[in-house]
Amino acid sequence: MRKHVNTILATAEPSGQLEALERLMRQAQELDIQAVAILGNLAARSLSPRDYGRFFSLLAQSRLPTFYVPGPEDGPLALYLQEAAQIEVIYPYLHGVHGTFALAPGYVVFTGMGGAITDDPQQAREEQESLRYPAWEVVYRLKFLSELKDYEKVFLFHTPPYHKGFHESGSPTLAELIKSYSPRLVLVSGPERKRELLGTSAVVAPGSLASGEYSIIDLQHQTVEGRTL
């Protein structure tokens, strides 16, 4: 039986850097962690379906519960979903949580939404050349959380919520969503490592794997330790 999830290895923007991902998964096997979280962009735009399969196979090497969402450059969505669906049958501890959720040991629910999330009603939803979603869709997809009130929550988004610590590029709708459900941890992508509090939620940009960066996060104490490959 797996331990209660408390310590999480998290990173963002692998961008198809398979060698870096392989090194990270080797390190994950040696660390005292209970889960892995990866934020897109997962794959380079030039990746073929076979290379996408290689990415997920490397991700499985930690043999830990692993949760991930795609980034804006991981379109078309159909290709991502096809490869994820196949690999998750082989490795059931891998969990794509793009617009859905997965449960981790110890009454912890991981959920989120990948791609770019926009509050601009003029920007169309997109799942081919890139991934982009209206913020209201995220609110709708995550409304199941009202049925999981007793679960500790971890959110995965490529787009950060609006927060003065993350400047003005974040989503006000995501900020309100976080305040409504009070997740213990919100993982977001970003150009540099950051940790900010939004209400009682720790909002963390864990660093870019393409730059060799990742973070070890203590869920209970909401502390973050930045590391480099």
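In this predicted model, helix α1 (residues 18–30) lies across three strands, namely β1, β2 (35–39) and β13. The helix runs at about 170 degrees to β1.

Those strands belong to an open sheet of six, and reading across it gives the order β4-β3-β2-β1-β13-β14, with mixed pairing. At the edges stand β4 (94–96) and β14, each with a single partner strand, so one side of each is left without a neighbour in the sheet. From one strand to the next, the twist averages 20 degrees.

Let's look at the part of the sheet around β13. Strand β1 (residues 7–12) runs antiparallel to β13, and four bridges join the two. Across this pairing, Leu9 stands opposite Ile216 in β13. Strand β13 (residues 213–218) also pairs with β14 (residues 223–228), again in the antiparallel sense, over six bridges. Here Glu213 has Thr228 of β14 as its bridge partner. The hairpin of β13 and β14 has four residues between the strands, and within this hairpin Gln222 takes a positive phi near 60 degrees. As a general reminder for reading such strands, side chains in a regular strand alternate between the two faces of the sheet.

The two antiparallel pairings of β13 can be set side by side:

| Strand pair | Bridges | Residues facing each other |
|---|---|---|
| β1 and β13 | four bridges | Leu9 and Ile216 |
| β13 and β14 | six bridges | Glu213 and Thr228 |

Just ahead of β13 comes a residue worth a look: Ser208, found in the loop between β12 (201–205) and β13. Is Ser208 buried or exposed? Its relative accessible area is 12%, which is under the 20% cut-off, so Ser208 counts as buried. Leaving aside residues up to four places away in sequence, Ser208 touches Thr11, Ala12, Glu13 and Glu213. Glu213 is also the residue paired with Thr228 in β14.

Now for a helix, α3 (residues 77–90). How far apart are its end C-alpha atoms? They are 20 Å apart, which agrees with the 20 Å that its 14 residues should span at 1.5 Å a residue. Buried in α3 are Leu77, Leu79, Tyr80, Glu83, Ala84 and Ile87. These residues cover an arc of only 155 degrees around the axis, which puts them on the same side of α3. An α-helix has 3.6 residues a turn, so residues three or four places apart point the same way. On the face of α3 turned away from its buried side are the exposed residues Ala78 and Val89.

Conventions: Residues are numbered from 1 along each chain as its sequence is written. This is a predicted model: local features need pLDDT of at least 70, side-chain atom pairs count only at pLDDT 80 or more; totals for chains, interfaces and linings use all residues. Side-chain values use heavy atoms; hydrogens and water are left out. Two strands pair if DSSP finds at least two bridges between them. The expected span of a helix is 1.5 Å times one less than its number of residues. Buried means under 20% relative accessible area, exposed over 50%, partly exposed in between (1.4 Å probe, protein chains only). The arc is that of the directions from the helix axis to the C-beta atoms. Axes are lines fitted to C-alpha atoms, for helices over the stretch in contact, and angles run from 0 to 180 degrees between N-to-C directions. Contact means heavy atoms within 4.5 Å.
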